[in-house]
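Colleague: I'm new to this one and would like to learn how to read it. Could you walk me through the features step by step?

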Amino acid sequence: RGICCIDEFDKMDEKARAILHEAMEQQTVSIAKAGIVCTLPARTTVVTAANPGKGSWDMSLSFAQNLKGVMSEALLSRFDVVFLMRDACSAREDLALSRHIVQRRLSSSWGADTRGA
């Protein structure tokens, strides 16, 4: 029992996804190495993060359609919870946030220099 965290799931190759599907569906992992073939139990929680197949989420499409080319419907069905995080594009809010971050970084850098001198 444990946890497996996978970021950039959309960039995994199909072979790796097939292995993950076996582990999630059958709760086993098959290994063939140095002439030894065995099947091991694999009871773990899998958490993944992926970008949509077309780069941005299309609200008019289903989860499966947005993840086409990233994750098969069979693999998607193995997850107990699917959570969507969307960035609602707003140039004004992005500009305000980036200015805030830069100002905070600059003020903390200057503060560190004056205290250390």
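Modeller: Sure, let's start with pockets. A pocket is an open set of grid points with protein on both sides within 12 Å along at least five of seven lines, and its lining residues have an atom within 4 Å of a point. Keep in mind that this is a predicted model.

Colleague: Okay, then how many residues line the largest pocket, and which lie nearest its centre?

Modeller: The lining has 36 residues, with T48, A49, A50, V82 and F83 nearest the centre. The space inside comes to about 1000 Å³.

Colleague: Which element gives the most to that lining?

Modeller: That's strand 4, with four residues. Strand 4 covers 45–48, and both this strand and helix 1 supply at least two lining residues each.

Colleague: And what is the chemical make-up of the lining, in terms of nonpolar, polar and charged residues?

Modeller: It divides into 21 nonpolar, seven polar and eight charged residues.

Colleague: Let's turn to salt bridges. How many are there?

Modeller: The idea is a side-chain nitrogen of Lys or Arg within 4 Å of a carboxyl oxygen of Asp or Glu. This structure holds three of them. K11 pairs with E8 at 2.8 Å, N to O, and K11 also pairs with D10, where the closest N and O atoms are 2.9 Å apart. R17 and E14 form a salt bridge too, at 3.4 Å.

Colleague: Where do R17 and E14 sit?

Modeller: Both are in helix 1, residues 14–26, three residues apart, which is about one turn of the helix. As for E8, D10 and K11, salt bridges with shared partners join them into one network.

Colleague: Is R17 buried or exposed?

Modeller: Under 20% relative accessible area means buried, and over 50% means exposed. R17 has 8%, so it counts as buried, while its partner E14 is exposed at 54%. In the network, D10 is buried at 18%, E8 is partly exposed at 35%, and K11 is exposed at 56%.

Colleague: Now the interior. Which residues make up the largest nonpolar core?

Modeller: A core is a set of buried nonpolar residues joined through side-chain atoms. Here the largest has twelve residues, among them I6, F9, L20, W57, L67 and F79. Helix 1 and helix 3 (73–76) each supply at least two residues of this core.

Colleague: What is W57 in contact with, beyond its neighbours within four places in sequence?

Modeller: W57 is in contact with P52, F63, N66, L67, L84 and R86.

Note on methods
Residues are numbered from 1 along each chain as its sequence is written. This is a predicted model: local features need pLDDT of at least 70, side-chain atom pairs count only at pLDDT 80 or more; totals for chains, interfaces and linings use all residues. Side-chain values use heavy atoms; hydrogens and water are left out. Buried means under 20% relative accessible area, exposed over 50%, partly exposed in between (1.4 Å probe, protein chains only). A nonpolar core is a set of buried Ala, Val, Leu, Ile, Met, Phe, Trp, Tyr and Cys residues joined through side-chain atoms within 4.5 Å. Contact means heavy atoms within 4.5 Å. On a 1 Å grid over the protein atoms alone, a cavity is a set of points where a 1.4 Å probe fits but cannot get out, and a pocket is an open set with protein on both sides within 12 Å along at least five of seven lines; lining residues have an atom within 4 Å of a point. Grid points are joined across faces, edges and corners, and a volume is the space filled by probe spheres set on the points. Ala, Val, Leu, Ile, Met, Phe, Trp, Tyr, Cys and Pro count as nonpolar, Asp, Glu, Lys and Arg as charged, and the others, Gly among them, as polar.
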